[in-house]
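This note is addressed to a colleague who is meeting the structure for the first time. Please read the points below alongside the model.

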Amino acid sequence: MTATQVPGRTDTPVFDRVMQLANGFALSSALYVATKLEIPDLLAKGARPVSELAEATGSNEDALYRVLRALAMVGVFAEIGGRSFALTPVSELLRSDSRGSAKELVLWLGNRFHFHVWAELSYSVKTGKPAVEHIYGKPAFEAIESQPDVARDFNAGVTSMSRQLAPAVLEAYDFSGIDTLMDVAGGHGFILCEILTRHPRLKGILFDMPSVVEDPRCAQCLLNVSHRCRTLAGNFFEHVPSGADAYYMQHIIHDWDDEPALKILGNCRQALQGQRNGKLLVVDSVVPETPEPHFAKLLDLEMLLMPGGRERTEKQFRALFAEAGFEITRIAPTRGAESVIEARLQ
């Protein structure tokens, strides 16, 4: 028996595949650590030996080498000899100054909060309830906001996701026929700012919780379009303001199961009453009803574990919207995992 053989293994490729899947958390942890230490930033000007990287980050040289070596194995870094490392296209995307940087998203996904929740997937499978409530005793967003470091990583990760998604949404959907667009639960306004920048005649309204729209980061985000954009504070479960002819929600409906989703959609319907050619725009993944791979099928588990929502198929979206008094008029796929779902009042 050779050193690489394991007793009882009859199908090495299949066994290796199982091990790759079972050890996915190890690579996630290693990626988080290297990103948190800002190793990609330290390599921006070229390859460096691990001794320099360890000194710059206050790390143990041997331990850091072992982490970077593992990441180089899967193409995150390039090991070029002499215990030195260089960037690859993957780690270029993790630099702080990289266009479309995924750094903040990696830091959110690798946050210890995420690992704790995913470790309780069996609870959600047995009960159908969000594991986050089982661990922290409160709904997902309350649990996140109660821990400042977690909230910081979450909010930065959401903005990072919007940064990645914005070009795809603008390619897939033409906003030029809209007079005033309200971004419902739009966070600090990144996507709304991108849409307004692309369409200079469009006016915007950012609607979110008071703590969000009063955050200085919100004003900074909307600074360049502030002359045609205003903010409103409120809770979309209680009321969605009128005053727009189009209402936009990105990664909102998937956070909620049908009953709370219908409440949000119902408030949007009331806001649109009397608006000629008014429309609702929902950006979410549409799960294919075939066995093909699709990121929405993994994201759906995140919704199960965290807010208790779900990703939906086209059939499920049409049924949900119809119950809320909307008719879906168009589904525009983006080059990412999401689609722009356009609906009008029935």
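The numbered points below concern a predicted model and treat its nonpolar cores, one helix and its aromatic rings.

1. The largest nonpolar core comprises 30 residues, and those with the most contacts inside it are Met249, Leu280 and Phe321. Elements giving two or more residues to this core include strand S4 (180–184), strand S8 (279–287) and helix H18 (314–323). Its largest share, seven residues, is supplied by H16.

2. Beyond its neighbours within four places in sequence, Phe321 is in contact with Leu265, Leu280, Val282, Phe326, Ile328, Ile341 and Ala343. Another core, of 27 residues, lies apart from the largest one; among its members are Ala166, Leu181, Cys229 and Tyr248.

3. Helix H16 has 15 residues and reaches 21 Å from its first C-alpha to its last, close to the expected 21 Å. Its buried residues include Leu262, Leu265 and Cys268, and the elements covering the buried residues include S7, S8, H18 and S10. After H16 comes Gly274, with a positive phi near 85 degrees.

4. The aromatic pairs number 13. One of them, Tyr65 with Phe85, is tilted, at 5.8 Å centre to centre and 55 degrees between the planes. Both Tyr65 and Phe85 are buried. Arg83 lies over the face of Tyr65, 4.1 Å from the ring centre.

5. Why is the pair of Phe113 and Tyr136 stacked? The ring centres are 4.9 Å apart and the planes stand at 15 degrees, so the pair counts as stacked. Phe113 is buried at 1% relative accessibility, whereas Tyr136 is partly exposed at 24%.

Note on methods: Residues numbered from 1 in each chain as written. Predicted model: local features only at pLDDT ≥ 70, side-chain atom pairs only at ≥ 80, totals over all residues. Heavy atoms only, no water. Core = buried A, V, L, I, M, F, W, Y, C linked by side-chain atoms within 4.5 Å. Buried < 20%, exposed > 50% of the residue type's maximum accessible area, 1.4 Å probe, protein only. Helix = DSSP H or I, 4+ residues; strand = E, 2+ residues; numbered from the N terminus. Contact = heavy atoms within 4.5 Å. Expected span 1.5 Å × (residues − 1). Phe/Tyr/Trp six-rings, centres within 6.5 Å; stacked < 30°, edge-to-face > 60°. Lys NZ or Arg CZ within 6 Å of the ring centre and 35° of its normal.
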